[in-house]
Amino acid sequence: MANYFSLILTVVTIVSGLLWLYDAKFLKPKRQAIVAEVEKKTTSPLTEEQVEQLAPQPKLMELGQSIFPVIALVLIVRTILYEPFQIPSGSMMPTLLRGDFILVQKFDYGIKEPLFQNTIIETTEPKRGDIAVFKYPVEPNIDYIKRIIGLPGDRIVYRNKTLYVQPACEEGRRDCPEMEVIKTQLKDDGAYFSGSSPLKTYEETLGDVKHDILVDPRVASRRDFFYDQPGTQRDEWVVPEGQYFAMGDNRDNSRDSRYWGFVDEELLVGKAVFIWMSFEMDRGQDSWLPSWVPTGIRFERLGSIE
């Protein structure tokens with residue numbers, strides 16, 4: 001849907017701009033000439049009402065002139081600066097909840113043109129721990145949001161619900177970093193639920209980033225369903241150049257790189273930076289209202305995303 005919106009926005013901007021340009025270069029001088037000729041005969045300037053009656057601007061050209069600056073500004077902001085997204089699921093709980101509306105900073109991972117999303121200006125690269133929005137590699141018309149776990153060249157292991165990371169090592173370097181377990185500390189047991197089952201909340205330290213993750217003690221290892229990268233074990237991956245390994249914070253309720261592989265840098269949309277609205281979506285099964293109707297606003301969640 002976001003791809004279609006970008007296409008429509010770009011087309012409307014181009015069409016309205018061409019209408020405005022055609023009117024300014026060709027039609028407006030003709031209207032001005034008509035008005036000037038009449039003013040010579042009357043020896044007095046015409047009022048705005050008289051000018052409008054004598055040489056009216058075509059409605060289509062007037063529409064193009066009025067909407068072009070607004071649409072062009074929206075396109076620039078949405079393409080280069082910020083784009084709004086809605087969190088549709090609980091895969092990033094507890095960091096992001098269903099019903100959160102976020103702003104994604106587009107220029108963090110390169111400035112792209114609006115139609116085909118090709119990078120035209122390189123900026124910075126994702127860092128370990130970033131919450132990134134990207135096009136789902138399996139279906140690029142769908143937007144996904146996950147946390148960047150592995151950078152190009154990293155070795156990632158997820159075994160028995162424990163995450164290990166060995167950072168990439170430059171060729172020829174002798175003191176390469178060892179594989180290290182990503183530290184976690186139990187914070188809460190039962191603050192979040194999956195159905196009727198309480199989830200365990202851990203604080204995870206991923207490099208310089210500390211954040212909370214959820215683990216469902218009922219769920220066994222899903223190793224057999226993991227993405228099988230040739231040359232590695234089933235629960236181990238080496239991130240190729242130009243690609244990234246991403247996981248959801250709700251570890252047992254997230255379909256991520258463990259299951260479908262890597263995120264190409266060309267699929268990156270931007271970094272999630274701010275929650276500008278958060279709707280409570282919980283409602284009982286006996287409610288007569290549709291499930292998409294909010295039940296309240298979570299004001300305490302508004303602000304920067306940690």
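This passage describes the strands, nonpolar cores, aromatic pairs and salt bridges of a predicted model.

Strand pairing is considered first. Four strands form an open sheet in the order 9-8-7-13, and their pairing is antiparallel. Strand 9 (180-181) and strand 13 are the edge strands of this sheet, since each pairs on one side only. Strand 8 and strand 9 run antiparallel and are joined by two bridges. In strand 9, Glu180 stands opposite Val165. Strands of a sheet pair through backbone hydrogen bonds, either parallel or antiparallel.

Strands 10, 11 and 12 are linked by two hairpins. Strand 10 (residues 184-194) and strand 11 (residues 197-206) run antiparallel, with eight bridges between them. Within this pairing, Leu186 has Tyr202 of strand 11 opposite. The hairpin of strand 10 and strand 11 has two residues between the strands, and Gly195 takes a positive phi near 65° there. Strand 11 also pairs with strand 12, in the antiparallel sense and over seven bridges. Here Thr201 stands opposite Leu214 in strand 12. Two residues again lie between the strands in the hairpin of strand 11 and strand 12, where Gly207 takes a positive phi near 70°.

The nonpolar interior was examined next. The largest nonpolar core has 14 residues, and those with the most contacts inside it are Ile149, Ile156, Leu163, Trp237 and Phe245. Strand 7 (155-159), strand 8 (162-166) and strand 14 (243-247) are the elements that give two or more residues to this core. Strands 7 and 8 are also members of the open sheet. A second, separate core of 13 residues includes Met92, Leu96, Ile102 and Ile145. With residues up to four places away in sequence left out, Ile149 touches Ile156, Leu163 and Phe245, among others. The contacts of Ile149 also include the charged residues Arg128, Asp154 and Arg251.

A search of the whole structure finds 16 aromatic pairs. One of them, formed by Trp20 and Phe68, is stacked, with 5.9 Å centre to centre and 10° between the planes. Trp20 lies in helix 1 (residues 2-42) and Phe68 in helix 3 (residues 59-81), so this pair ties together parts that are 48 residues apart in sequence. Both rings belong to partly exposed residues: the relative accessible area is 36% for Trp20 and 25% for Phe68.

The pair of Phe226 and Trp237 is tilted, because the planes of the two rings stand at 55°, with the centres 5.6 Å apart. Phe226 lies in the loop between strand 12 (209-215) and strand 13 (236-238), and Trp237 lies in strand 13, so that the pair links distant parts of the chain, eleven residues apart. Phe226 is buried, with a relative accessible area of 4%, and Trp237 is buried as well, at 0%. Trp237 is also among the residues with the most contacts inside the largest nonpolar core. Phe226 and Trp237 belong to one aromatic cluster with Tyr158, Tyr227, Phe245, Tyr259 and Phe262. Over the ring of Tyr158 sits the charged end of Arg258, 4.9 Å from the ring centre.

The structure holds 20 salt bridges. In one of them the side chains of Arg155 and Glu236 meet at 2.3 Å, N to O. Arg155 lies in strand 7 and Glu236 in strand 13, so the salt bridge ties together parts that are 81 residues apart in sequence. Arg155 counts as partly exposed at 28% relative accessibility, whereas Glu236 is buried, with a relative accessible area of 11%.

Arg218 forms a salt bridge with Asp216, in which the closest N and O atoms are 3.3 Å apart. Arg218 counts as exposed at 56% relative accessibility, while Asp216 counts as buried at 1%. Asp228 and Arg234 form a further salt bridge, with the closest N and O atoms 3.7 Å apart. Asp228 is partly exposed, with a relative accessible area of 42%, and Arg234 is likewise partly exposed, at 28%. Elsewhere, a network of salt bridges links Asp100, Glu280, Arg298 and Arg301.

Terms used
Residues are numbered from 1 along each chain as its sequence is written. This is a predicted model: local features need pLDDT of at least 70, side-chain atom pairs count only at pLDDT 80 or more; totals for chains, interfaces and linings use all residues. Side-chain values use heavy atoms; hydrogens and water are left out. Rings of Phe, Tyr and Trp (its six-membered ring) pair if their centres lie within 6.5 Å; planes under 30 degrees apart count as stacked, over 60 as edge-to-face and the rest as tilted. Buried means under 20% relative accessible area, exposed over 50%, partly exposed in between (1.4 Å probe, protein chains only). A charge sits over a ring if NZ of Lys or CZ of Arg is within 6 Å of the ring centre and within 35 degrees of the ring normal. A nonpolar core is a set of buried Ala, Val, Leu, Ile, Met, Phe, Trp, Tyr and Cys residues joined through side-chain atoms within 4.5 Å. Contact means heavy atoms within 4.5 Å. Two strands pair if DSSP finds at least two bridges between them. A salt bridge is a side-chain nitrogen of Lys or Arg within 4 Å of a carboxyl oxygen of Asp or Glu.
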